Amino acid sequence: MILVLLLLMVSSVFSIVLIPAGKATTQVGPYTFSRDRFELLVRVFFQFGTLIFGAQVLTLTTAPLAIATALQRLCGPLRRVRVPVDELAMLITLSLTFLPLIREQVRTVIDAQLARGVDLRRGPLEPDCVRC
């Protein structure tokens with residue numbers, strides 16, 4: 001969740017810097033800030049934060065098959081414009097099913113590397129000796 005919050009903060013800063021809005025109230029170097037931009041920053045941060053938190057709660061508390069069934073029913077009208085709703089629901093079900101397995105495999109690889117003396121948390125791989 002910390003990575004997601006960091007990504008939200010960076011995207012919010014980009015939105016406040018790059019989106020022109022309102023009359024300038026404060027100027028810091030080449031950037032001008034206004035109350036409208038600050039309100040936009042707060043709104044974008046909390047909207048995306050709520051969306052990500054809600055998606056996390058949904059995927060942790062609901063079975064993947066139930067999510068797929070609900071998506072099929074909600075996207076049913078899209079069949080009229082030839083959107084492959086059944087295939088998309090199956091794709092989402094498979095991806096939600098395999099996420100825990102992928103997480104387990106990554107943890108296994110990290111544990112194996114730590115057992116061999118490689119600490120991946122410090123940065124890129126660097127050999128301990130010159131001959132390696």
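This report describes the fold, helix 1 and the side-chain pairs of a predicted model.

**Overall layout**

The protein contains four helices and two strands. Read from the N terminus, the order of these elements is α-β-β-α-α-α. The protein has 132 residues, and 12% of them count as buried. Its exposed surface comes to about 11,100 Å², of which carbon and sulfur atoms supply 67%. When contacts between residues at least 6 apart in sequence are taken, 35% of them join residues at least 24 apart.

**Helix 1**

Helix 1 spans residues 2-18, which gives 17 residues. The distance from its first C-alpha to its last is 24 Å, close to the 24 Å expected at 1.5 Å a residue. Four residues of helix 1 are named as buried: L8, S12, S15 and I16. These buried residues lie on the same side of helix 1, because the arc they cover around the axis is only 95 degrees. An α-helix has 3.6 residues a turn, so residues three or four places apart point the same way. The other side of helix 1 carries exposed residues, namely I2, L3, L7, F14 and L18.

**Side-chain pairs**

Which side chains meet in a salt bridge? They are those of R79 and D86, with an N to O distance of 2.7 Å. The structure holds one salt bridge. Side chains of opposite charge can pair when their charged atoms come close. As for solvent exposure, R79 is partly exposed, at a relative accessible area of 42%, and D86 is also partly exposed, at 39%.

The count of aromatic pairs is likewise one. That pair is formed by F45 and F46 in an edge-to-face arrangement. The ring centres are 5.4 Å apart, and the angle between the planes is 80 degrees. This angle is over 60 degrees, so the pair falls in the edge-to-face class. F46 counts as exposed, with a relative accessibility of 52%; the cut-off for that class is over 50%.

The relative accessible areas given for residues in these pairs are listed below.

| Residue | Relative accessible area | Class |
|---|---|---|
| R79 | 42% | partly exposed |
| D86 | 39% | partly exposed |
| F46 | 52% | exposed |

**Summary**

The model combines four helices and two strands with one salt bridge and one aromatic pair. In helix 1, the buried residues L8, S12, S15 and I16 have exposed residues on the other side of the helix, including F14 and L18.

How values were computed: Residues numbered from 1 in each chain as written. Predicted model: local features only at pLDDT ≥ 70, side-chain atom pairs only at ≥ 80, totals over all residues. Heavy atoms only, no water. Salt bridge = Lys/Arg side-chain N within 4 Å of Asp/Glu carboxyl O. Buried < 20%, exposed > 50% of the residue type's maximum accessible area, 1.4 Å probe, protein only. Expected span 1.5 Å × (residues − 1). Arc of directions from axis to C-beta. Contact = heavy atoms within 4.5 Å. Areas by Shrake-Rupley, 256 points an atom, 1.4 Å probe, with all protein chains shown as cover. Phe/Tyr/Trp six-rings, centres within 6.5 Å; stacked < 30°, edge-to-face > 60°.
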